[in-house]
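Work through the exercises below with the sequence and the model at hand. Each task is followed by a solution in steps.

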Amino acid sequence: MKNHISKVSQKELWGLMIFAYLFSFLIRMIWVYQFKDNPNFIWNSELMINTNDGYYFASGVQKVLEGMHLENPRIPDIWKYGTVLFTVLFTKITSFSLETVILYMPAVISSLVVVPIILIARLYNQSLWGFFAALLGSIAWSYYNRTMVGYFDTDMFSAMAPMFILYFLIKSTIDFNLRSALYAGIAIAIYPFLYDQGKSIVYAMGIMYALYMIFYHRKEYNTYTSIILVFFALLPLPVVEPYNYIVKIILLIMFYLLFKKTEIAQNKLIATSIILLIGFLYFGNVFALIMGKISSFIATGTVTENLHFYGVNQTIREAGKIPFETFANRISGSSIGVIVSLIGYMVLVVKHRAFILALPLIGIGVFALWGGLRFTVYAVPVAAMSAIYLFHVAIQMISDKKSIYFFSMSLLTALMIYPNITHIIGYKVPTVLNKAEVEDLTKLKEISNSKDYTLTWWDYGYPVWFYSNTNTIIDGGKHQNDNFIISKIMQTSSSELAANLSRLAVETYVDSNYTTIANTLFKNGEEEQVDPNLLLSELEEGTFMLPEKTRDIFLYLPYRMLNIFPTVTIFGNLDLTTGKAERKMVFYPTNAVSNDNGILRFNNGIMFDAKSGKVKFGNESKNVKHFIITQNTKEGKINLHSQLYHADGEYAVIYMKSYNRFVVMDVKTFYSTYVQMFMLGKYDKNLFELVISSPYSKIYKLKK
């Protein structure tokens, strides 16, 4: 094998990095090209972002730059996340708007992954291997999905930052320069600031590094000084943010200078390493963190404390088990691709044993088969390096001619890239909200103030913050037991319960210093635990003494909740004392695929006989009580045409003519808050006021 084939000069190295970076960035511009002319996806002259969580960080930026959200306890501080800090800096030092910065920042940051990939290959004088691997790794399926233009989230650092850590760790095993370990330590120290969810990854990398160094280089002096730097970087410091990062980096540099200037006995270094390891394992709560991450993503059913609340993880698509094909596609673009990657990784470890240090990244990627989609992203860069390395070795075994090498590597890399590019072209993910929905929320901003609360499902919490400057009681990062509260409000057939529970929940949340509302109201786990059924009954009957009103409360009912309403209802359709569902709920949004003389067949297999008033589920036929046709008017009202079929009917069918959608539901769900107030526009005018109405959302103001 001839390494000179892929050896390049310093100038050529920069050229390869720039080319790979531009390739990564420009591929991400495909999504922009696809949607740039769609006015529904544009706000403030810019495409909107396409991930809900992005509005969490963007709201933090608004707080710093615009003084918004001062009454919202959930807004992240500028020093809480690197995403917020860097966005503030980019917005301040450039002429770009906040909307532009949050749109393109994921592509700008994530494309930097090409740098450590190429630099790692450079350590072995095989930069071209790194270059071709960077082309694949920077745009492979899972990494692209979580770092595309508009995916404004900490995921932009998720795999890029660990690759820089991996580079410095591998470098320290090759050059045995303590400075490499220092850089690795600094990168490890900063990583939680960039991507706090990845602590378990760097913990595993640190432990793997120590084991590797002791097993292969235990007699080397720098082994233990390097381990000390890495373990100290992993050790949590009892210092408030952001000073903990600054203090840790300063101390790392001080340790480095001490080790450089002072010869310390090896037995003392070993003892220090052991002490730091124990401290890291204990204070870092390492095993509990790793097991907690694993258990949180494989948990099912209700969460049992004392009362029984429904667990949220199994309703999140990312958290479920995935088939091998999905796993393979997301890591390498195809099943063949991931097999090539796994074989390549084994060859890579045999040829360059320091790549054992990448095992935690590969391992967490494989765990995705059980843990869910989100874990695949960590393995993408290493998988790309592994697959391309297999090609690299095979081609060098066949020929040492540069022309053959370039042609073969280009062809094989292109074959690996092709399914990923095909996926990217077809991955036309929409923006979180459309322009009309944003217009509704900005109207809400005009009639409310920053201490008011908007009650809605947690999916819409962050966008509600960003566009309306109001608060929520559940959002993408805070829900769990409080999902019960919102779900109950959305599905109850009692307007009195919906109104009273809304007021009680908000005032309790504020008065209790923003603790979990459900636990506070029901005194969950305490000796004087409240019977939740009794409390809800008192709220419905109006006999419960409500707290004094301190702010306005709005109910946000969007059209887009229609498809997830069955999931929303799961959390509230629960007897908290037993954990069992209160009743069987039916809610099927669907479309008609045929109309045979009044017998409508829906695309989910249900049939509706509009003449006899019956719905058929397979071989089972049920009577329909209500059939209602709704149509939106230009004034924001809803025209209704109602037909009563069977007084004792168990089901209702609504045809939302303006949307060309049918919904088949049980009668009790028909009388729920969401159905009545959004779908039919019916509400108790003594309790609610309709303040904003459009085909996309209805927003009500609570009167009490």
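Helices (H or I, at least four residues) and strands (E, at least two) are DSSP runs, numbered from the N terminus. The model is a predicted one, in which local features need pLDDT of at least 70 and side-chain atom pairs count only at pLDDT 80 or more, while totals for chains, interfaces and linings use all residues. Residues are numbered from 1 along each chain as its sequence is written, and side-chain values use heavy atoms, leaving out hydrogens and water.

**Exercise 1. Locate Ser 97 and state whether it is buried, partly exposed or exposed.**

Step 1. Ser 97 sits in the loop between α3 (82-93) and α4.

Step 2. Buried means under 20% relative accessible area, exposed means over 50%, and partly exposed lies in between (1.4 Å probe, protein chains only). Ser 97 has 31% relative accessibility, so it counts as partly exposed.

Step 3. Ser 97 and Gly 649 are 552 residues apart along the chain, and their C-alpha atoms are separated by 56 Å.

**Exercise 2. Describe the length, bend and burial of helix α4.**

Step 1. α4 covers residues 98-110, which makes 13 residues. The expected span of a helix is 1.5 Å times one less than its number of residues. For α4 this gives 18 Å, and the helix reaches 19 Å from its first C-alpha to its last, close to that value.

Step 2. The bend at a residue is the angle between axes fitted to the seven residues ending there and the seven starting there. At Tyr 104, α4 bends by about 40°, and Pro 106 follows within four residues.

Step 3. Because 12 of its 13 residues are buried, α4 is largely enclosed by the rest of the structure. Among the buried residues are Leu 98, Val 101, Tyr 104, Met 105 and Pro 106.

**Exercise 3. Work out the sheet that contains β5 and β18, and name the helices that pack on it.**

Step 1. The sheet is open, with four strands in the order β5-β6-β19-β18 and mixed pairing. Two strands pair if DSSP finds at least two bridges between them.

Step 2. The edges are β5 (453-455) and β18 (688-693); each has a single partner strand, so one side of each is left without a neighbour in the sheet. From one strand to the next, the twist averages 30°.

Step 3. β18 and β19 (residues 697-702) run antiparallel and are joined by five bridges. In β19, Lys 698 is the bridge partner of Ser 693.

Step 4. Contact means heavy atoms within 4.5 Å. For angles, axes are lines fitted to C-alpha atoms, for helices over the stretch in contact, and the angles run from 0 to 180 degrees between N-to-C directions. Helix α21 (residues 435-447) packs on the sheet and touches β5, β6 (553-558), β18 and β19; its direction makes about 130° with that of β18. Helix α24 (residues 495-511) also packs on the sheet, touching β5, β6, β18 and β19, and its direction makes about 135° with that of β5.

Step 5. α24 has 17 residues and reaches 24 Å, close to the 24 Å expected. Of these 17 residues 14 are buried, so that the helix is mostly covered.

**Exercise 4. Find residues with a positive phi and describe their places.**

Step 1. Most residues other than glycine have a negative phi.

Step 2. Asn 469 is not a glycine, yet its phi is positive, at about 60°. Asn 469 lies in the loop between α22 (461-468) and α23 (483-491), and with 14% relative accessibility it counts as buried.

Step 3. Just after α24, Asn 513 takes a positive phi of about 65°. Tyr 514 has a phi near 65°. Tyr 514 is in the loop between α24 and α25 (517-522), and at 29% relative accessibility it counts as partly exposed.

**Exercise 5. Describe the surroundings of Val 664 and Asp 666 in strand β17.**

Step 1. Val 664 is in β17 and is buried, with a relative accessible area of 0%.

Step 2. Not counting residues up to four places away in sequence, Val 664 touches residues including Val 586, Phe 602, Ile 606 and Val 653. Val 653 is 11 residues from Val 664 in sequence, and the two are 4.7 Å apart, C-alpha to C-alpha.

Step 3. Asp 666 is also found in β17 (residues 661-666) and, at 7% relative accessibility, counts as buried.

Step 4. A polar contact is a pair of N or O atoms within 3.5 Å; within protein, one must be able to donate a hydrogen and the other to accept it, and residues adjacent in sequence count only if both atoms are side-chain atoms. The side chain of Asp 666 makes such a contact with the side chain of Thr 669, at 2.7 Å. A polar atom of the Asp 666 side chain lies 3.2 Å from the backbone nitrogen of Lys 668.
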